[in-house]
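User: Please take a close look at a single part of this structure, the strand pairing, and then relate the findings to other parts of the chain. A connected account would be appreciated.

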Amino acid sequence: MLEIKEHEIRPRAIFDEYLRISKADIPKFFSNTDQFVKVSCPACGIPEQHAEFVKHGFRYVSCPGCDSLYVSPRPTAAMIDRFYRDSESSRYWAEVFFPSTAEARRTQIFEPRAQMISAIVERFEPPRPRVLADVGAGIGLFLEAAKSSGRFDEVIGIEPGRDLARVCRQRGHMVIEKPIEAVRADEVRASIVTSFEVFEHLYDPGAFVKSMANILAPNGILIFTTLSVTGFDLQILWDKSKSISPPHHINFVSVPGFAQLIDHCGLELLDVMTPGRLDADIVKNMAAEDDELELPRFVKTMLKLAQTERYRQLLPHFQKFLADSSLSSHVCVVARKV
């Protein structure tokens with residue numbers, strides 16, 4: 001497993017400033033809480049829910065059926081769209097955060113991601129020609145890595161953001177400048193559809209998955225990554241986790257919940273992997289940053305031992321255990337259109 005450090009892809013000062021701006025955006029875009037909508041579990045669909053905590057005015061609940069964590073009631077889809085279009089935090093991400101980490105993300109995230117997708121394609125053999133469509137393509141760094149891999153006959157970006165789509169085209173990529181929900185099956189027919197770190201932001205994740213499946217050819221492969229509440233760092237840090245960051249991240253489906261979601265969307269689940277590499281490092285950094293953070297005794301002992309020469313490989317080994325045991329918070333879901 002390639003080791004990676006949290007600060008390499010999200011430097012603390014820049015990331016904390018992004019979170020601060022995001023929090024300041026909330027009253028500007030989400031003050032009309034009486035318009036929020038109560039929703040059922042985004043994974044298994046049952047309406048029952050248990051209250052967990054409130055963070056920055058957003059109420060997180062858990063599903064008694066599949067243990068997923070999600071926001072309910074939540075802002076409407078229109079409110080969320082306006083936030084991502086017009087908020088200061090969105091501009092900060094596009095103009096400051098992402099450019100300052102782009103090169104590190106290229107080598108640490110996008111190139112390994114292209115290798116992972118290539119391995120999944122070889123394993124499950126979607127139909128040829130191998131046309132890959134990436135939903136939420138951003139400025140096209142993954143498309144670039146996918147092209148360079150030589151594994152795909154064609155790569156297409158689907159990106160609704162005007163500025164991002166423009167940059168993506170300037171990099172030489174074909175781009176459909178629409179939300180995936182507005183893309184017709186006769187506009188693009190892909191044998192592989194991918195989406196990375198979009199799911200957790202959505203008002204209706206199930207509709208999103210169905211829309212991606214709509215542009216898949218028969219027996220095509222759908223691959224998406226997101227955050228899972230089953231993961232170690234989310235379970236340990238819970239409401240203190242920086243990844244649980246409303247209004248951005250409002251869906252944290254459990255590993256078992258993904259199986260139910262895929263079934264409800266009429267797809268065949270092929271695999272749910274948790275190839276994450278940051279859980280242990282995130283918890284270690286939070287413990288160093290917050291003296292008042294309450295951690296289980298085992299975790300405190302592990303972090304203390306990891307500072308000694310004898311146990312210097314403890315955290316990398318523990319991270320590998322988490323990834324191999326489906327206990328990392330970074331999850332990759334693979335499904336087939338049948």
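Analyst: Strand E3, residues 69-71, is joined to E9 by two bridges, and the two strands run antiparallel. Within this pairing, Leu69 has Phe252 of E9 as its bridge partner. The model in which this pairing appears is a predicted one.

The E3 and E9 pair belongs to an open sheet of four strands, arranged in the order E1-E2-E3-E9 with antiparallel pairing. The edges of that sheet are taken by strand E1 (50-55) and strand E9 (251-252); each has a single partner strand, so one side of each remains without a neighbour in the sheet.

The cysteines may be considered next. Which cysteine sulfur is closest to that of Cys63, and why is there no bond? The closest one belongs to Cys44, at 3.4 Å, which is too far for a bond, because a disulfide requires the two sulfur atoms to be within 2.5 Å. Cys63 itself is buried, with a relative accessible area of 1%. A similar question concerns Cys66, whose sulfur has its closest cysteine sulfur in Cys41, 3.6 Å away and likewise too far for a bond. Cys66 also counts as buried, at 3% relative accessibility. The structure as a whole holds zero disulfides.

Two helix contacts complete the account. The axes of helix H3 (residues 77-86) and helix H4 (residues 88-124) come within 5 Å and cross at roughly 45°. H3 and H4 are therefore oblique to each other, because an angle of this kind falls outside the ranges counted as roughly parallel, perpendicular or antiparallel. On the H3 side, Phe83, Tyr84 and Asp86 take part in the contact, and they meet Glu88, Ser89, Ser90 and Arg91 of H4. Sorted by class, this contact has two nonpolar, two polar and three charged residues.

The second contact involves helix H11 (residues 297-305) and helix H12 (residues 314-324), whose axes come within 9 Å and cross at roughly 135°. This crossing makes H11 oblique to H12. From H11, the residues in contact are Met302, Leu303 and Leu305, while H12 contributes Leu314, Leu315 and Phe318. The contact of H11 with H12 has six nonpolar residues, with no polar and no charged ones, whereas the contact of H3 with H4 includes three charged residues.

Definitions and conventions
Residues are numbered from 1 along each chain as its sequence is written. This is a predicted model: local features need pLDDT of at least 70, side-chain atom pairs count only at pLDDT 80 or more; totals for chains, interfaces and linings use all residues. Side-chain values use heavy atoms; hydrogens and water are left out. Axes are lines fitted to C-alpha atoms, for helices over the stretch in contact, and angles run from 0 to 180 degrees between N-to-C directions. Angles under 35 degrees count as roughly parallel, over 145 as roughly antiparallel, 65 to 115 as roughly perpendicular and the rest as oblique. Contact means heavy atoms within 4.5 Å. Ala, Val, Leu, Ile, Met, Phe, Trp, Tyr, Cys and Pro count as nonpolar, Asp, Glu, Lys and Arg as charged, and the others, Gly among them, as polar. Two strands pair if DSSP finds at least two bridges between them. Buried means under 20% relative accessible area, exposed over 50%, partly exposed in between (1.4 Å probe, protein chains only).
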